[in-house]
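Open the model in your viewer and keep the sequence panel beside it. The tour below goes from one selection to the next.

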Amino acid sequence: MIVCPACQHPNPEDARTCEHCGGSLAGFVYRACPRCGVLNPPDNTFCNRCLARIQETEPQVDGDEASECISPFTPGVKTIPPQHPAAPPVRPVRDGDRERISDGVATGHRRRPPQRPEPAPEKEEPTGDLVGRILPRKPVRRSSELSRQRERKPERERSAFRGVPHSWEELDLLPIEATIARPHRPTYVPPRSPTDAERDLSEWLDQLIQGPPPLAARRRVQKDTREPFGVRAVRLILALMLLAAALMAAGGSGTLAQLVSPREALVDLAETWASLGSEDTVLMAFAYSPSYSGELSPLADAAVASLVAADADIVAVALDPAGVALARQTLAKAEQGPAGLVYGEDYLVGGYLSGYHAGVRSLCKGWGGLQVDALHGRPLNEWDVTASLSGASDVDRMILLADDSAKARMWIEQLGCLRVPMDALVTGQLEAVLAPYVLSGQIDHLAAGGVAAAELELATGTSAQALRWTDGYVALLAILLLAAVAANVVYVSKEAGSDERV
Amino acid sequence: MFDAWTASFTGLAPGGWERIGAWVAALITCAVLSYAINPNPVARAMQFLLAGIAAGYATAQAWNLILWPRIQLLVQDPRSYWAYGVFMVLGILLLARGVKPLAVIGNLPLGILFGGGAALALGGALAGTLAPQLRASMVSLAPRYYGGGIVGWAYAIDAGLLLIGTIAALAAFHFTAQGKGRLGRAWQSALQGLGALGRAVIMVAFGVVYAGAMVTFFGILVSRLTFLAGFVASLSRGG
């Protein structure tokens, strides 16, 4: 069946003029898709069925191998001879034809008549402008000739494509109807050379697999992300001011310490510690790393000094070896002080609790993992401090020193079973996080490092370690206020400028 | 004793190790602080050194304080300390995770580890944080409850602010589709208004946390500078 290129009317295979519009079908050419073999109208650039490109890919009909493999689906370009000697009479279109075509149902109409004569001339025909534009330059062989060639080759029967139809006759379909009705079947696609885009993609993937490009190559594609000079200058000035404030704190004498007065909560905390007696034992948890010792050590020193003054016993525990080292360092200072603490009688470093949640929880049922003190080689229950205690639940008070909210929460949550009052001495960044636990009554007192350490020192009357930093903290406050005001002024002026432009 | 032993071994006078330690600490402090000027390989090397030493120290301490004493107890009195043997076998099974054909065996101790840890963490969070915080948010708004008078009113206002702040912060995380009907729209707009207030409350809380972090890091900087100043002072004294 030939579809008229002018009115799209389906005509019989041997028609020379369109039954509908009367236009000439002489020299009408339709192109076969190189991928799926479907015949398409001559103006198509892409296949109607599989969307493969048609016009740039010439059908490979030369060579035995190619014809063996792809000939069933690449029949090449087929021309309708304008002067057919034995053309049958034109059959008028019946009513059912259109439905059969649109439904894609194979009907008897599609069968090629077995007595159909072979096209007589084998030479190329004059095909006009359209045909000249899309016809291949090579001489085209007709499918019948190809079929005859294959019949001469017995090796075809041994090929991998045995049983695959090799011609349109074997397919038992008229070519143009295959666009509509023929089911998809896998075809052999001959390899082709990659395009430039594919080659680039392949190189990029190779680079990706092999790792990042060398530094020099990467530097070439890097954008200049440096900030403007003004921003960098302001940042440098701020950093220098912060350094100056820190130097004021480090080398200062605390001339502004007279402005500090302890808060009511911290005074209450100091009084609570002072009210402890010699029969009382305090559990101190060192849950901070040495990085934060600058902020938390003054608090720990103040607490230990208060407890020593009250003659209370101290049992120190930690979560990790670094915490044990901090505990030993803090208590060793008190040992060398005027009070003269004695290890085992006045204080004890119980070691650290391995296993985080499980380790802390183990304190609820005795001393848990703190049975051995490696430094002194005796179990905890052999020391005077802990001899009368069956476990951590017998202590009278607990002091938690923490630098991390997760650690602090873990101690608070897991040791609720102890039912002992807890004071938390934490870093400044934890104060806001742990404040709700004060409201809920899980923490009796909360003191943060920094200025609160100075207040606690004043309240407990201990060493003025944090008080010396008061000048630095005041300078830091001034810098932060200055930066905040400057940033807001810049922001407001920029907003005003953008409004004016709008 | 340690000083005497080290002195006899290396010929250093007692306290020599402390001086060497102070020098090393001062140099490492300077190297780390140089990161503030510009990121450089020396500062990066010090970070690696810190991580490596911390890991090595923790391993040595775990062996000395936990593993070795328990192995000794197990060997001396297996009947009393048989539980240590079970735990050690479980610990050794963890090593099977590194051998592909035996990796399945390591699932047992891993399951116990993660299951026990998750149960403890979840139970602690529920009983130690969620329930007490819920209880603490149920506050009375009556001044009479706080003793009446100006003080009672002040406490009542404080409790009201706490309640509104809590509800508003929770409403800030309430995301639903537009309500249908008059009641639904009213509820949606009330939630949106509360959510806006809640976001303001959260911003204030973040600001407080950020200010606390500033103070904390300033404290770290001051402590390091204090250490360096003390070190320089000890050098000037000839120590």
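The stops are chain A as a whole, its nonpolar cores, one pair of helices, and the contact between two chains. Bear in mind throughout that this is a predicted model.

**Stop 1: chain A.** Select chain A and show it as a cartoon. Chain A has 18 helices and 13 strands. Its length is 502 residues, and 36% of them count as buried. Now consider contacts in chain A with a separation of 6 or more: 66% of these join residues 24 or more positions apart.

**Stop 2: the nonpolar cores.** Select A287(A), A316(A), L400(A), L401(A) and L425(A). These are the residues with the most contacts inside the largest nonpolar core, which has 90 residues. Helix α11(A) supplies the largest share of this core, nine residues.

Stay with one of these residues. Which residues is L400(A) in contact with, leaving aside its neighbours within four places in sequence? They are A285(A), A287(A), A408(A), W411(A), M422(A), A424(A) and L425(A).

Next, select C33(A), C36(A), V38(A) and C47(A). They are among the eight residues of a second, separate core.

**Stop 3: a pair of helices.** Go to α11 of chain A, residues 293-309, and add α17 of chain A, residues 451-460. At what angle do the two helices pack? The angle is about 15°, and the axes are 9 Å apart. Angles under 35 degrees count as roughly parallel, so that description applies to α11(A) and α17(A). Their crossing is left-handed.

To see the contact itself, show side chains. On α11(A), pick P298(A), L299(A), A302(A), A305(A) and S306(A); on α17(A), pick A453(A), L456(A), E457(A) and T460(A). Colour them by class: the contact has six nonpolar, two polar and one charged residues.

**Stop 4: chain B against chain A.** Bring chain B into view. In this contact, 39 residues of chain B meet 42 residues of chain A. Which helices of chain B should you select here, given that each supplies at least two residues of the side that touches chain A? Select α3 (41-76), α5 (107-137) and α7 (181-236) of chain B. The largest share of that side, 17 residues, comes from α7(B).

Finish by colouring the side of chain B that touches chain A by class. It has 25 nonpolar, 13 polar and one charged residues.

Notes. Residues are numbered from 1 along each chain as its sequence is written. Chains are lettered from A and ligands numbered from 1 in the order in which they are written. This is a predicted model: local features need pLDDT of at least 70, side-chain atom pairs count only at pLDDT 80 or more; totals for chains, interfaces and linings use all residues. Two residues are in contact if their C-beta atoms, placed from the backbone, lie within 7 Å. Helices (H or I, at least four residues) and strands (E, at least two) are DSSP runs, numbered from the N terminus. Ala, Val, Leu, Ile, Met, Phe, Trp, Tyr, Cys and Pro count as nonpolar, Asp, Glu, Lys and Arg as charged, and the others, Gly among them, as polar. Axes are lines fitted to C-alpha atoms, for helices over the stretch in contact, and angles run from 0 to 180 degrees between N-to-C directions. Angles under 35 degrees count as roughly parallel, over 145 as roughly antiparallel, 65 to 115 as roughly perpendicular and the rest as oblique. A crossing is left-handed if the near helix is turned anticlockwise from the far one by less than a right angle, and right-handed if clockwise. A nonpolar core is a set of buried Ala, Val, Leu, Ile, Met, Phe, Trp, Tyr and Cys residues joined through C-beta atoms within 7 Å. A residue is buried if 20 or more other C-beta atoms lie within 10 Å of its own, exposed if 12 or fewer, and partly exposed in between; C-beta atoms are placed from the backbone.
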